[in-house]
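Here are a few short exercises to work through with the model open beside you. Try each one before reading its solution.

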Amino acid sequence: MNKKHRKSACFLIVLIALILHLQVICFAQTREPKNEADIRVLIGQIFGNNDKLFDEADNILNKLDERWDPVLLDIVRKKGDACLRHYAAQLAITRFARKKNVKEAVNAIVEFVVSDDVSSNTKSARECRSDAADMLGFSGDGIRALTQMLKHKSLFVRQTAVSALGLLDEFHIADDDSEKYDEAYKAFEAAIPAIAAIARREKGKIKDKAYLALFYLRNEETAVGRLAENEFKKLPKYNFPKPRVDRPDPTK
């Protein structure tokens, strides 16, 4: 190939790449999604390195109307990229919370968190599954699901549930609907003895997490905090691991 032909070939490659790039931008800017595949493309753009595509995809995804709710739940449930499923879970739980009905979203997220397919067991996938579990603490249905997960056969699932419950406080479950708040708070109270049971019977890292969860939840000013304090006092003395920097040191 002579010099002239090489230049032509390079120009053609650059032109094709530019056309493909413009097609993606055009989709994000002008085309409403038509199906699940389009939603997946948009979520994929959230994890890309192009800030403009990120902003455009984020704008479209946050303006989806209710007809897309079943599609988002399908994405959460289906095997595949865990971080994509996690992002769909974020969208779903927020949208269903606005409708004061999170049970469908909670069930889908639980399916994702407990999934044991190969694609869900890489390090990054486990992190996404753990992050998804943290979303469950914003409702009574979600807190009950986390409490039930403490009995799961998978050690990873049990550890994830303990960690998610340990992050809760009364502000996490705050809701304008007093009835739903009361429901969530009762579920929160019921979770405390279950965490204590994990602290007593399990060994290793999950035992550490259960002890730390109860320690962090102690608070004399709330019913849950007092319950956590009582359960914590009943436990045998235990050498804590180094705590997270944003929490008080339980060894002091």
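**Exercise 1. Find the residues that V224 is in contact with, leaving aside neighbours within four places in sequence, and place V224 in the fold.**

Solution. This is a predicted model, so treat each value below as computed from it.

Step 1: Beyond its neighbours within four places, V224 is in contact with Y185, F188, E189, I192 and L217.

Step 2: Locate the residue itself: V224 belongs to helix α12, which covers residues 223–234.

Step 3: Take one partner, F188. Its C-alpha atom and that of V224 are separated by 7.1 Å, although the two residues are 36 apart along the chain.

Step 4: Is V224 buried or exposed? Its relative accessible area is 3%, and the cut-off for buried is under 20%, so V224 is buried.

**Exercise 2. Describe the surroundings of T160.**

Solution. Step 1: T160 is found in helix α9, residues 155–166.

Step 2: Its relative accessibility is 5%, so T160 counts as buried.

Step 3: Look for a polar partner of the side chain: it reaches the backbone oxygen of F156 at 2.8 Å.

Step 4: Not counting residues up to four places away in sequence, T160 touches V113, R129, S130 and A133.

**Exercise 3. Check the span of α9, then examine its cover and its N-terminal end.**

Solution. Step 1: With 12 residues at 1.5 Å a residue, α9 should span 16 Å. The end C-alpha atoms are 16 Å apart, which agrees.

Step 2: How many of the 12 residues of α9 are buried? The count is 10, so the helix is mostly covered. Among them are F156, T160 and A164.

Step 3: At the N-terminal end, S154 acts as the cap, with a side-chain oxygen 3.3 Å from the backbone nitrogen of F156.

**Exercise 4. Identify the residues with the most contacts inside the largest nonpolar core.**

Solution. Step 1: The largest nonpolar core has 73 residues, and I39, L61 and I109 have the most contacts inside it.

Step 2: Helix α10, residues 178–201, supplies the largest share of this core, 10 residues.

Step 3: Follow I39 outward. Leaving aside neighbours within four places in sequence, I39 is in contact with P33, L61, L64, W68, V71, L72 and I75.

**Exercise 5. Summarise the protein chain as a whole.**

Solution. Step 1: The secondary structure comes to 12 helices and 0 strands.

Step 2: Of the 252 residues, 43% count as buried.

Step 3: Among contacts between residues at least 6 apart in sequence, 60% join residues at least 24 apart.

Step 4: The chain exposes about 14,400 Å², with carbon and sulfur atoms supplying 54% of it.

Note on methods
Residues numbered from 1 in each chain as written. Predicted model: local features only at pLDDT ≥ 70, side-chain atom pairs only at ≥ 80, totals over all residues. Heavy atoms only, no water. Helix = DSSP H or I, 4+ residues; strand = E, 2+ residues; numbered from the N terminus. Buried < 20%, exposed > 50% of the residue type's maximum accessible area, 1.4 Å probe, protein only. Polar contact = N/O pair within 3.5 Å; in protein donor to acceptor, adjacent residues only side chain to side chain. Contact = heavy atoms within 4.5 Å. Expected span 1.5 Å × (residues − 1). Core = buried A, V, L, I, M, F, W, Y, C linked by side-chain atoms within 4.5 Å. Areas by Shrake-Rupley, 256 points an atom, 1.4 Å probe, with all protein chains shown as cover.
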